[in-house]
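Reader: I would like a close look at a single part of this chain, followed by how its surroundings are arranged. Please keep to what can be computed from the atoms.

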Amino acid sequence: MIPIAGDYITEQVGTRHVVDFFVAERIKKELSQALSDPSGHQQPIAYADIFGNQKTAPIEEAVQTLRPIVHDLAQNIATEIRSLEPTLKNNEDTPPPPYAIVLAGGGSQTPCLADELAQVLEIPRERIGIRSPEMSQKY
């Protein structure tokens, strides 16, 4: 767990698009959904800013404005993961990268987070997944 995640990204979306928190959360989720759409069909995101102005943002443009923030988030997650690795070192100078990563919680819905994390940790993208609430067993 890291102290910055989903809400932090949502706040940044809100600042960049001049929208309230709830509209920013919707934009963030729509970006994630658009990027994971296997058809590649990406409609621009439509929203109203805090002044009531109707706006649209092309998916790729909205994602690019978030890339530096998402990269910082990925760096923070990687640092946290690496802090656990000394117990797994096996007397090597450099701990091995994790085999796989499971993202959970609101921050896991951050657009491009898995891509950035794969790059930062130098592991294949297909070894990073998102665990949805529906996948959790109920006790």
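The request below concerns one helix, and the answer then moves on to other parts of the chain.

Reader: Which residues of H4 are buried, and what do the buried residues of H4 pack against?

Author: The model is predicted, and every value here is computed from it. Some context comes before the helix. The chain has four helices and four strands, and along the sequence they follow the pattern α-α-β-β-α-β-α-β. Of the 139 residues in the chain, 35% are buried. Among contacts between residues at least 6 apart in sequence, 58% join residues at least 24 apart. The exposed area of the chain is about 8,900 Å², and carbon and sulfur atoms supply 53% of it.

Now the helix itself. Seven of the nine residues of H4 are buried, so H4 is largely enclosed by the rest of the structure. The buried residues are Leu-113, Ala-114, Glu-116, Leu-117, Ala-118, Val-120 and Leu-121. They pack against three elements: helix H3 (59-84), strand E3 (101-103) and strand E4 (128-130).

The acidic residue in that list can be taken separately. Glu-116 lies in helix H4, which spans residues 113-121. Its relative accessibility is 7%, and because buried means under 20%, Glu-116 counts as buried. Leaving out residues up to four places away in sequence, Glu-116 touches Arg-67, Val-70, His-71 and Ala-74. After H4 comes Glu-122, which has a positive phi near 55°.

The hairpin of E1 and E2 offers a second case of burial, this time in a strand. In a regular strand the side chains alternate between the two faces of the sheet. E1 shows such an alternation: Ile-45 and Tyr-47 point to one face and are buried, whereas Ala-46 and Ala-48 point to the other and are not. E1 and E2 run antiparallel and are joined by four bridges. Ile-45 has Ala-57 in E2 as its bridge partner. Five residues lie between the two strands of the hairpin, and Gly-52 in this hairpin takes a positive phi near 85°.

Phe-51 sits in the loop between E1 and strand E2 (54-57). With a relative accessible area of 63%, Phe-51 is exposed. Together with Val-18 and Ile-50, Phe-51 forms a nonpolar patch on the surface, with about 320 Å² of accessible area for the three residues together.

On the other side of E1 in sequence, Pro-44 is placed in the loop between helix H2 (21-36) and strand E1 (45-48). Pro-44 is partly exposed, at a relative accessible area of 44%. It touches Thr-56, Ala-57 and Pro-58, again not counting residues up to four places away in sequence. Pro-44 and Ala-62 are 18 residues apart in sequence, and their C-alpha atoms are 9.1 Å apart in space.

One item concerns aromatic rings. The count comes to one aromatic pair. Phe-21 and Phe-22 form this pair, with 5.9 Å from centre to centre and 90° between the planes, an edge-to-face arrangement. Phe-21 is partly exposed at 33% relative accessibility, while Phe-22 is exposed at 68%.

To return to the question: the buried residues of H4 include Glu-116, and the buried residues of this helix pack against H3, E3 and E4.

Note on methods. Residues are numbered from 1 along each chain as its sequence is written. This is a predicted model: local features need pLDDT of at least 70, side-chain atom pairs count only at pLDDT 80 or more; totals for chains, interfaces and linings use all residues. Side-chain values use heavy atoms; hydrogens and water are left out. Rings of Phe, Tyr and Trp (its six-membered ring) pair if their centres lie within 6.5 Å; planes under 30 degrees apart count as stacked, over 60 as edge-to-face and the rest as tilted. Buried means under 20% relative accessible area, exposed over 50%, partly exposed in between (1.4 Å probe, protein chains only). Contact means heavy atoms within 4.5 Å. Accessible areas come from the Shrake-Rupley method with a 1.4 Å probe; for residues, only the protein chains shown count as cover. Patches are made of residues with over 30% relative accessible area and no salt bridge: like charges are joined within 9 Å, nonpolar side chains (Val, Leu, Ile, Met, Phe, Trp, Tyr) within 5 Å. A salt bridge is a side-chain nitrogen of Lys or Arg within 4 Å of a carboxyl oxygen of Asp or Glu. Two strands pair if DSSP finds at least two bridges between them.
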